[in-house]
Protein chains: 2
Amino acid sequence: MQLTEKLNSFLNKPISTPFLVVDLDVLAHQYRRLVTAMPNVVCHYSVKSNSARAVLEKLFALGSCFEAASINEIHACFAAGAKANQIHFGNTIKKISDIETAYQLGVQSYAFDCYEELVKLAQYAPGCRVVCRLKNDGKGAHWGLCHKFGCSLTEAVDFLSRSVLLGLEPYGLSFHVGSQQQSPDAWHRALVDARWVADELVKQDIKIGLINLGGGYPASGYLNDSDNEVDYSMEFFGKCISESLTAIFGSWSGDLKFICEPGRYLLAEAGVVKTTVILACERMLSDQIHRWLYLDVGKFNGLYEASDIKYPVLHHADQRSDKTSTILTGPTCDSSDMLSYKNHLHHLPFTIAVGDPLMFCCAGAYSNSYSCKGFNGFEPLAEYYI
Amino acid sequence: MQLTEKLNSFLNKPISTPFLVVDLDVLAHQYRRLVTAMPNVVCHYSVKSNSARAVLEKLFALGSCFEAASINEIHACFAAGAKANQIHFGNTIKKISDIETAYQLGVQSYAFDCYEELVKLAQYAPGCRVVCRLKNDGKGAHWGLCHKFGCSLTEAVDFLSRSVLLGLEPYGLSFHVGSQQQSPDAWHRALVDARWVADELVKQDIKIGLINLGGGYPASGYLNDSDNEVDYSMEFFGKCISESLTAIFGSWSGDLKFICEPGRYLLAEAGVVKTTVILACERMLSDQIHRWLYLDVGKFNGLYEASDIKYPVLHHADQRSDKTSTILTGPTCDSSDMLSYKNHLHHLPFTIAVGDPLMFCCAGAYSNSYSCKGFNGFEPLAEYYI
């Protein structure tokens, strides 16, 4: 894992740990790769992955639009300079008071995936644009989002045609192929589904204007080493997805806007979480003696996803020193505060000692956002944007 | 589940949800039950279960001492009026800067469970009292705390005798039988272990002065209905534990202080989380159609433990209306934000609709403390102490 000079220089400063540092230039680089690889798709940044003002302002300056999960995220987008027509309220289930406020603020585009939500939208955001989220099996993704979200294709046709009767604008279709999707084919299949729904709606004289390709573009920095022969680059994914758009919607007559909602892809590789070893010892786990490193960051103050994500871990110990399988654990008195990916041990130099720093790379997304407000008295991750 | 008049009256006020309300009289009642049932045991409240100032002040006024997991929790104890000698630094692994600060503030009692931590304590809290945490298998507990904490009995003898050489005071032994321990026998077995270690130390002319019985006393409000024939009352547990203390340490010559570290037992039943239904609909899960209620509280803003705890759920719907198996889910776009206990469905009236309140009872412990600072833009649980 190669860090930028800016990150390395910041990480060398004597700043108390734990903290997250994000290089906004890496974020900008990722953004440019995305819009270059998918020139016909407008980026709506998924604010939930990191809602820091510096991130939103940077993305706004680059031309990005936004996808918000709540009214507070909408306020954050406005604070960063966004206009109402650049914000999509992407949570399929919304509190009535949040719909009212968003509508008053001029937000026009709202996600939904069931009739009951449409009824709420018709009452509290009359005439708004509604975007129906289709169910997706999440196949090929690291985390599917299939249980809680999305409706069937026939339901989508039904809901969007009924939305007209409710005075709403049947604006578009969306899907989410799951987080860290490892196959571009997932988008192809979802687009085939969307085209079927769009065609059915045409038969009812309803012409949608938007397809939302969701998120799920992989952050390649923490994919398995064994996956190295596979191309997880945005260039490859963007090319495949663009080809799918042409193949599936090339024959569509009329205006059709494509948007996407990346989060993790844009932020993950831009950020590093720096932590300090607070204890190094040998102790038992399951009748075997192991090396344990206790860190000042854990599951509840920054690395909630550590059991699911294989963050590359950097250290300053001599690379030639003997390595040993190591259990990493957080600072709280909670026995679930463990940081080993899929219960696998890390392989780290035996010489790492109390006071030494460790750097969790590719941690710019979802590290600060999952932080507890103060579990066990530990503060949420400090954040720096450079 | 019967709520106090004070809670009922507060819950009927038009205060925006979600929020936690804690009846401090229930907390006081639980505290008095504990000190009555275990008259020879000093209560050190486990701050991590709810560190609100009102809670700490109430417990301080009642005569409680405190167990802190971090320097911020120590500061909170001082702010509530506690003196340094009433605070035990109970996290076995501590940051050096936190040890230094606690020591400067006069805290004298520190937990540990490995030699490396003793070395840190000797350097940064010279001469302090050290309390060695023994491993415990957590048998009979809802959550064992066995992986991350505790040393073997022979290690304890070794560490405490070596602590003398480091200039520390080999003050005591501690254990934790696991959260929501359902058998008083767990304390008996742990006390037998502690007595063995204490006797071995006597052979080396080391006489300990403290046994810390830890936490784990059950909050009976959310135990399974099927467990009703079992007595989970503090009166029963206290009687059993007191008998064990007499049986095992009655023959001990010299001063021996007993302390305990309850958290959940004191707070759980004092608190209610009030939430509002933001959507009610039927939708599929695993090829079956279900009733779904989406709430404005979820795993990340107050009910992190909902999949492990069977909170009694109250509502205002007509009790005579037909009930249906219901999936409860939180407001975020995270597919893991589900609130069903052990994946079992709740049985709730079909008439519950958007805007209706639901009350999660026995939620005074760990609801606010696990809250994220703002995941998906949702604020941490608001808190009221009455």
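This short talk goes through the interface between chain A and chain B, and then the one between the two domains of chain A.

Please keep in mind that this is a predicted model, in which local features need pLDDT of at least 70 and side-chain atom pairs count only at pLDDT 80 or more, while totals for chains, interfaces and linings use all residues. Residues are numbered from 1 along each chain as its sequence is written, chains are lettered from A and ligands numbered from 1 in the order in which they are written, and side-chain values use heavy atoms, with hydrogens and water left out.

Let me begin with the two chains. How many residues does the contact take from chain A and from chain B? It takes 62 residues from chain A and 62 residues from chain B, where contact means heavy atoms within 4.5 Å. The area buried between chain A and chain B is about 4900 Å², with carbon and sulfur atoms giving 57% of that area; by buried area I mean the accessible area, with a 1.4 Å probe, that two parts lose on being put together, summed over both. Of the area that chain A buries against chain B, 16% is supplied by Lys148(A), Cys333(A) and Lys373(A), more than by any other three residues.

As for the symmetry, chain A is superposed on chain B by a rotation of 180° with 0.0 Å of shift along its axis, at an RMSD of 0.0 Å, the fit being by least squares on the C-alpha atoms of residues with pLDDT of at least 70 in both copies. That is the relation of a two-fold axis. In addition, 100% of the interface residues of chain A are also interface residues in chain B, so the copies meet through the same surface.

Turning to the polar side of this interface, the rule finds eight salt bridges across chain A and chain B, a salt bridge being a side-chain nitrogen of Lys or Arg within 4 Å of a carboxyl oxygen of Asp or Glu. Arg283(A) forms a salt bridge with Asp113(B), with the closest N and O atoms 3.1 Å apart. In terms of secondary structure, helix 4 (71-79), helix 6 (115-124), strand 12 (271-285) and strand 13 (288-295) of chain A each supply at least two residues of the side that touches chain B, and the largest share, eight residues, comes from strand 12 of chain A. These elements are DSSP runs numbered from the N terminus, with helices being H or I of at least four residues and strands being E of at least two.

Now to the inside of chain A, where the domain assignment gives domain 1 (24-268) and domain 2 (269-385), with bounds that come from an automatic or database domain assignment. Taken over C-alpha atoms, the centres of domain 1 and domain 2 of chain A are separated by 33 Å, and the contact takes 23 residues from domain 1 and 20 residues from domain 2. These two domains of chain A bury about 1800 Å² between them, 52% of it on carbon and sulfur atoms. On the domain 1 side, Tyr222(A), Arg264(A) and Ala268(A) lose the most area to domain 2 of chain A, together 29% of what that side buries.

Which salt bridge does Arg264(A) make? Its side chain meets that of Glu305(A), at 2.8 Å from N to O, and the count between domain 1 and domain 2 of chain A is one salt bridge.
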